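Hi,

Here is the structure I promised to pass on to you. Please have it open while you read the notes underneath.

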Amino acid sequence: MLEINDLNITIGPNEIVSIERLSIPAGRRLGLVGESGSGKTMTAMSIIGLQPREAVVTGSITFSGTEMVDRSERELSDVRGAEIGVIFQDPLRALNPTMKVGKQVAEALRLHKTVPRKDVKTRMLELLEQVQLPNPAALARRYPHQLSGGQQQRVLISMAIACDPKLLIADEPTTALDVTVQKEILELLARLSEERGMAILFVSHDLGVIQAISDYIAVLYGGNLVETGPTSDIVEMPRHRYTEALISVNPGHPEDISASLGEPLVTIRGSVPPSGGFLPGCRFRGRCPHEIEQCAQEPLISEMAGGHTFKCWNPVDEAAPALAHSAELADGRR
């Protein structure tokens, strides 16, 4: 349904994103994961033409057989909301503070879908009920600041699914929520995806969140896709050293954390370089404790059974289990 080929996004002289191939089948959920500055949001927003004005996008992004790159703003506006829904990271900033939430959901219906005027209110209340908001009629009369963070996010979800989109882009939708509400939102999105046959591109820096909702995972670092595959393959048998590092620093479930109390936190040494600051070759070079001389060259794509691909000159041993913690990946530890 969504096919990305040879996507390249640059700002000035700097290459921000370079992806050879990435796809999302109809009705499936893909998690795009990586640290802040990895190019996740830039990649997601380029699908609907919401990248920064100074960004230059080349390559191919096809959605339902239609090329999205270089489409006019008017053409993209017809797709946004109607065929591709978007949930943004901060619901309070995404919602209009001067409009009651019911009116904002109704506006999404009027703008993107032909709904008889007399049916708009009924449909709006149905949408609020579908995202499991209590007493939709009363809640529709409130302003965004009168709702909790979880309720605000549910309102955004109702607006994003109002027109029955084929694809939903969720950009860090659970970052500002506590763990309990986060779980509820993930379960809600998974249920809506299954009921509606709606594909989801879920963007997050949290591998645990990605694992909970995704059928497939794509690991992004420095704008490069370093590993992709079914969720179970990526989590249980990572091949790229960056994927291994993300797994190692993930604290896991609360019951797992108790076993690590008193132990130093595991971190990935260093930080993501700024645009234009990556070394030649593998972009994880310089932070990777398993770097070898060959890493100075651009890594090739290796393909495994089941659609698992990775780009690493010194991959994790295929026979080795995924690490829960790794001392080698911690700053100052060996």
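Below are the notes on its cores, a hairpin and one helix.

This is a predicted model, in which local features need pLDDT of at least 70 and side-chain atom pairs count only at pLDDT 80 or more, while totals for chains, interfaces and linings use all residues. Residues are numbered from 1 along each chain as its sequence is written, and side-chain values use heavy atoms, with hydrogens and water left out.

The largest nonpolar core (buried Ala, Val, Leu, Ile, Met, Phe, Trp, Tyr and Cys residues joined through side-chain atoms within 4.5 Å) has 56 residues, and Val155, Ile157, Leu189 and Phe202 have the most contacts inside it. Buried means under 20% relative accessible area with a 1.4 Å probe, protein chains only. Helix α8 (residues 179-196) gives the most to this core, with seven residues; helices here are DSSP runs of H or I, at least four residues, and strands are runs of E, at least two. Because domain 1 (2-83 + 163-329) and domain 2 (97-162) both contribute residues, the core lies between them. Those bounds come from an automatic or database domain assignment. Another core, of 34 residues, lies apart from it and includes Val57 and Met68.

Strands β1 (residues 2-11) and β2 (residues 14-24) run antiparallel and are joined by nine bridges; pairing takes at least two DSSP bridges. Thr10 stands opposite Glu15 in β2. In this hairpin, Gly12 has a positive phi near 65°.

Finally, helix α11 (residues 241-249) is largely enclosed by the rest of the structure, because eight of its nine residues are buried.

Best wishes

Conventions
Buried means under 20% relative accessible area, exposed over 50%, partly exposed in between (1.4 Å probe, protein chains only).
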